[in-house]
Amino acid sequence: MTLPLADGGARDSGAGPVTRRAHDGFRQRYGVPPAGVWAAPGRVNLIGEHTDYNDGFVLPFALPHRTVVAASLAEPAEQAAPAEQGWTVWSEQSGEEIAFNTADADRPGAVDGWGGYVAGVVWALREAGYAVPAARLAIASDVPLGAGLSSSAALEAAVLTALTDLGGLGPDRLPVDRRPALAQRAENGYAGVPCGIMDQSASIRCRAGHALFLDCRSLDVEHVPFDLAAAGLAVLVVDTRAPHRHVSGEYAARRAACERAAGLLGVPALREVPVDDLPAALDRLPDDPTRRRVRHVVTENHRVRETVTLLRSGRIREIGPLLTASHASMRDDFEITVPEVDVAVTAALAGGAYGARMTGGGFGGCVLALVDADAADRVAATVGAAYAEHGFPPPTFFTALPCTGAERIH
Ligand code: ADP
Ligand code: MG
């Protein structure tokens with residue numbers, strides 16, 4: 001059985017369908033071509049789950065799927081008085097055009113829904129003291145929305161890159177390493193969504209052929225070689241399309257458990273607990289669930305570093321068992337998986353994957369599997385058959401190679 005796989009290698013590098021739709025959308029709505037076109041990718045996290053808010057380590061890479069923003073400065077007539085300054089934004093995904101002015105942008109929550117992510121970027125930039133020019137934007141994307149592949153950060157990163165470029169805020173005036181925090185601030189402070197800094201860091205800072213080793217405390221990054229194509233490998237992503245269940249409540253509960261445990265252990269965050277000290281730390285905790293939560297975070301941080309060590313020396317296939325161990329830890333210790341993701345992981349391994357794990361916050365979402373590039377179809381077929389056996393709705397698949405972060409493409 002051959003399943004349709006999106007070709008993750010064929011990134012829309014500026015002449016592809018998503019770019020064209022953003023560009024044509026702009027021209028149709030505003031009657032002129034855009035001054036420029038910018039793009040930012042979605043991401044998958046290779047390993048390091050629920051480590052971000054414990055001040056730990058994550059290792060995402062950028063997807064070939066991107067959100068593209070075609071944009072121009074607003075017409076001079078529209079730039080009349082600063083208080084009247086405004087932004088007009090159309091998104092193909094929502095099918096709507098929205099408009100907001102500086103007063104809206106300065107009041108978190110004033111623009112709601114998807115427009116809040118866009119207005120949030122304007123707000124975060126202005127709050128940090130940067131002037132943001134009035135502008136018109138048209139947005140298209142092939143990042144699946146709400147699948148855990150970070151369409152929200154792709155939207156923020158693409159808009160931020162477009163507006164800063166249009167406003168003459170190049171990397172000399174707004175360094176790239178300061179941008180993820182601004183995009184995160186847009187999502188936390190304006191759109192009202194609590195999220196860590198991984199997604200925005202990945203969308204802005206990733207490089208092609210590399211994964212991004214991010215220290216969530218210092219925000220230091222290392223671009224770790226992850227050249228899947230050269231090794232004849234691919235990451236198969238399975239979008240389980242399992243409905244997310246109880247996500248926000250369970251997320252808050254895991255966070256609270258980790259913070260409580262850190263308090264009991266007398267450390268500011270669980271990142272402080274070295275894996276060698278784990279047995280002693282566990283002895284000091286009052287109950288079994290707390291011990292298992294801590295064991296996940298401490299061992300997961302260790303697995304991220306072990307993965308990085310292997311990748312630095314080009315031993316990509318050997319990370320497989322670490323991916324699979326990460327999944328077992330999420331399933332048994334952190335208890336954030338659901339049957340759909342467990343079945344996908346088991347089937348991917350049975351189909352010949354080197355390793356497989358759920359990626360993202362949990363309770364649904366996507367699974368990734370490290371596979372030989374020419375075995376991706378076979379592994380996908382094994383997962384599809386297992387889903388049919390369990391009576392789950394069919395998942396969707398694509399293969400992904402690590403792509404580049406936010407950039408101007410026209
Ligand atoms: P994820 O980031 O995993 O895809 P989120 O719930 O964090 O899921 O973000 C999804 C939301 O982001 C959508 O519901 C929508 O409001 C917004 N969004 C993302 N991309 C777009 C887009 N291209 N056009 C309009 N809204 C978008
Ligand atoms: Mg998101």
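In the predicted model, a search of the whole structure yields seven aromatic pairs. One of these is formed by tryptophan 123 and tyrosine 190, whose rings lie 6.1 Å apart, centre to centre, with an angle of 55° between the planes. This geometry places the pair in the tilted class, since planes under 30 degrees apart count as stacked and those over 60 as edge-to-face. Tryptophan 123 belongs to helix α3 (residues 115–127), whereas tyrosine 190 belongs to helix α5 (residues 179–190); the pair therefore ties together parts that are 67 residues apart in sequence.

Ligand 1 occupies the second largest pocket. Two elements each give two or more residues to the shell around the ligand, namely β6 (135–141) and α4 (151–166). Of these, α4 gives the most, with three residues. The shell comprises eight nonpolar and eight polar residues, and no charged residue is present. Among the 16 residues around ligand 1, those that come nearest are Ser91, Gly146, Gly148, Ser151 and Ser152.

Polar contacts to oxygen atoms of ligand 1 involve both backbone and side-chain atoms of the protein. A polar backbone atom of glycine 146 is 2.8 Å from a ligand oxygen. For serine 150, a backbone N or O atom is found at 3.5 Å from an oxygen atom of ligand 1. Serine 152 contributes through its side chain, in which an N or O atom is 3.0 Å from an oxygen atom of the ligand. Taken alone, ligand 1 exposes 570 Å², and the protein buries 78% of that area.

How values were computed: Residues are numbered from 1 along each chain as its sequence is written. Chains are lettered from A and ligands numbered from 1 in the order in which they are written. This is a predicted model: local features need pLDDT of at least 70, side-chain atom pairs count only at pLDDT 80 or more; totals for chains, interfaces and linings use all residues. Side-chain values use heavy atoms; hydrogens and water are left out. A residue is near a molecule or strand if one of its heavy atoms lies within 4 Å of it. A polar contact is a pair of N or O atoms within 3.5 Å; within protein, one must be able to donate a hydrogen and the other to accept it, and residues adjacent in sequence count only if both atoms are side-chain atoms. Accessible areas come from the Shrake-Rupley method with a 1.4 Å probe; for residues, only the protein chains shown count as cover. On a 1 Å grid over the protein atoms alone, a cavity is a set of points where a 1.4 Å probe fits but cannot get out, and a pocket is an open set with protein on both sides within 12 Å along at least five of seven lines; lining residues have an atom within 4 Å of a point. A molecule sits in a cavity or pocket if more than half of its atoms lie within 2 Å of its grid points. Helices (H or I, at least four residues) and strands (E, at least two) are DSSP runs, numbered from the N terminus. Ala, Val, Leu, Ile, Met, Phe, Trp, Tyr, Cys and Pro count as nonpolar, Asp, Glu, Lys and Arg as charged, and the others, Gly among them, as polar. Rings of Phe, Tyr and Trp (its six-membered ring) pair if their centres lie within 6.5 Å; planes under 30 degrees apart count as stacked, over 60 as edge-to-face and the rest as tilted.
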